[in-house]
Amino acid sequence: MAYKVLLNEDEIPRQWYNLAADLPHPPLPPLGPDGNPIGPEALAPVFPMNLIEQEVSSERWIDIPQEILEILYRWRPSPLHRAVHLEKALGTPAKIYYKNESVSPAGSHKPNTAVPQAWYNKQFGIKKLTTETGAGQWGSALSFACSLLGLECKVFMVRISFDQKPFRKVMMETWGGTCIASPSTETQAGRDVLAQFPDTPGSLGIAISEAIEAAVTDATGQTRYSLGSVLNHVMLHQTIIGLEAKKQLEKAGEKKVDVVIACAGGGSNFAGLAFPFVNDKIHGADIEIIPVEPASCPTMTKAPYAYDHGDLARMTPLLAMHTLGHAFIPPPIHAGGLRYHGMAPLVSRAIVEGLVRPESIQQLECYEAAITFARTEGIIVAPETSHAVASAIRAARQAKEEGKEKVILFGLSGHGLMDLLGYQKYLAGQLTNHELSTADMAKSLNAIKDFPKIPA
Ligand SMILES: *Cc1c(COP(=O)(O)O)cnc(C)c1O
């Protein structure tokens, strides 16, 4: 029996998988301010054209340039572990596997797209990238990638995380990036929010507005914006996770996987692990595929599938996605990376098509699961990842009740060594559950009531 399954470097996938090619219905196009679909050129001030081509591509397989692979070899292929000790503690007949993305230099899956994004921008002649970050994982990942490729990197970090996770900023600075708290006084979008709400904890929606503004107003024309999740090309880059995992499960002798689980904030680590399995499901495989979110930010399980902006200042096109409304300010739970108001259009589409079944879990169950995992398997997972752990434990308990030897695969999206404040509060009994009320959701959805509707 394998405790962990490794791949050699020459076994790394050489192409990314694009789910858009296989969805039963094509993804809905983004809309411009006039309500009409936008063309690729509308995105050109924000992203380089080579990434825009990937964003709108309907090719099933897209080659990974050799130079990108050579950077990824620093930590890829990542290990697939069997959670033998967790299985024993739960007394489950299920086999639990986890794909460990915490081994990247930044500590999460995010460098899988930070590296290609920096690389394609450099190819296009760009000198500087701006971005937002929630918990700080994405800002660290992009700073890391920019340092390897000789690009400047400027990160707008959501205020609450900036205060809760000061060492993330030090990581970004160590890799040569700069990091400021958002909302900031450096942009019009930031100044507008501060004038109205001087004590705001910030949100990803605000930070995205600031980062886009900083990119498009740079007079040199050599700055672009980079997004760590949500967009199609980000989902694409992350599929290397699931493609590796499939090879590893095969090596472990598994002919079939029954349940695939990953947490979902903007949707990228979920998409990365799950989309290659969604492809199998489209072609007849019987797999339960579960994206997991916090009950306090129930984008997939409660919010409507609707057109909305990706940011507060409404600078992005309208995207067809599950959304809580672009003005949604999430409660300050510790899973900072799962507090986004929207969900990737490709993940949203997979939900609407019934290909994946989202779940929401409360904060305390997630931390309890994370503690169980740390005391069995040893890894202290990110608060975001704890949602996947909690769901995997639920699935393993269900397998025990049913007496079935199911194969469960979950995504260990990152480690939590920069997020110990949440653990400290949990261990001291200071954390509580929080569920978004229907009234609060209705209030935040007011912001999108006059937007174009998705045709039924
Ligand atoms: C950012 C992050 C997430 C959530 O983002 P997705 O785009 O949904 O993957 C999950 N886990 C970790 C460790 C993260 O850093």
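**Exercise 1. Why is strand β15 (residues 407-412) largely enclosed by the rest of the structure?**

Solution. This is a predicted model, in which local features need pLDDT of at least 70 and side-chain atom pairs count only at pLDDT 80 or more, while totals for chains, interfaces and linings use all residues. Residues are numbered from 1 along each chain as its sequence is written.

Step 1. Fix the terms. Strands (E, at least two residues) and helices (H or I, at least four) are DSSP runs, numbered from the N terminus. A residue is buried if 20 or more other C-beta atoms lie within 10 Å of its own, exposed if 12 or fewer, and partly exposed in between, with C-beta atoms placed from the backbone.

Step 2. Apply them. Six of the six residues of β15 are buried, so the strand is largely enclosed by the rest of the structure.

Step 3. Sort the residues by direction. V407, L409 and G411 point one way from β15, and I408, F410 and L412 point the other way; all are buried. In a regular strand the side chains alternate between the two faces of the sheet.

**Exercise 2. Determine which strands pair with β15 and with β11, and in which sense.**

Solution. Two strands pair if DSSP finds at least two bridges between them.

Step 1. Start from β15. Strand β5 (residues 95-100) pairs with β15 in the parallel sense over six bridges, and K99 stands opposite G411. β10 also pairs with β15 in the parallel sense, over three bridges; here V259 stands opposite I408.

Step 2. Move on from β10. Strand β10 (residues 259-263) runs parallel to β11, and five bridges join the two. The bridge partner of C263 in β11 is V292.

Step 3. Continue to β14. β11 and strand β14 (residues 359-361) pair in the parallel sense over three bridges, with I361 in β14 as the bridge partner of P294.

Step 4. Check the burial of β11. In strand β11 (residues 288-294), six of the seven residues are buried, and the strand is mostly covered.

Step 5. Assign the handedness. β10, α12 and β11 make a right-handed β-α-β unit (right-handed: with the strands pointing away from the viewer, the path from the first strand over the helix to the second runs clockwise).

**Exercise 3. Describe the shell around the ligand.**

Solution. Step 1. Count the residues. The ligand is surrounded by 20 residues, and the closest are Q137, S229, G265, G337 and G414 (a residue is near a molecule or strand if its C-beta atom, placed from the backbone, lies within 6 Å of it).

Step 2. Find the helices involved. α5 (137-149) and α12 (268-282) each supply at least two residues of the shell. The most comes from α12, with three residues.

Step 3. Classify. The shell has six nonpolar, twelve polar and two charged residues. Here Ala, Val, Leu, Ile, Met, Phe, Trp, Tyr, Cys and Pro count as nonpolar, Asp, Glu, Lys and Arg as charged, and the others, Gly among them, as polar.

**Exercise 4. Characterise the contact between the two domains.**

Solution. Step 1. Set the bounds. The protein is divided into domain 1 (4-9 + 63-107 + 233-448) and domain 2 (111-227); such bounds come from an automatic or database domain assignment. The C-alpha centres of the two domains lie 23 Å apart.

Step 2. Count contacts. 33 residues of domain 1 are in contact with 32 residues of domain 2 (contact: C-beta atoms, placed from the backbone, within 7 Å).

Step 3. Resolve the side of domain 1 that touches domain 2. The elements giving two or more residues to this side are α2, α10, α11 (240-251) and α12. α2 gives the most, with four residues. By class, this side has 17 nonpolar, twelve polar and four charged residues.

**Exercise 5. Locate the cis peptide bonds from R76 to P77 and from S182 to P183, and the positive phi values of V230 and R314.**

Solution. Step 1. Take the cis bonds. The bond from R76 to P77 has omega near -10°, and P77 is in the loop between α2 (66-72) and β4 (80-82). The bond from S182 to P183 has omega near 5°; P183 is in the loop between β8 (178-182) and α8 (188-196).

Step 2. Take the phi values. Phi of V230 is near 70°. V230 is in the loop between β9 (223-225) and α10 (232-238), and is buried, with 26 other C-beta atoms within 10 Å. Phi of R314 is near 60°. R314 is in the loop between β12 (305-309) and β13 (318-322), and counts as partly exposed because it has 18 C-beta neighbours inside 10 Å.
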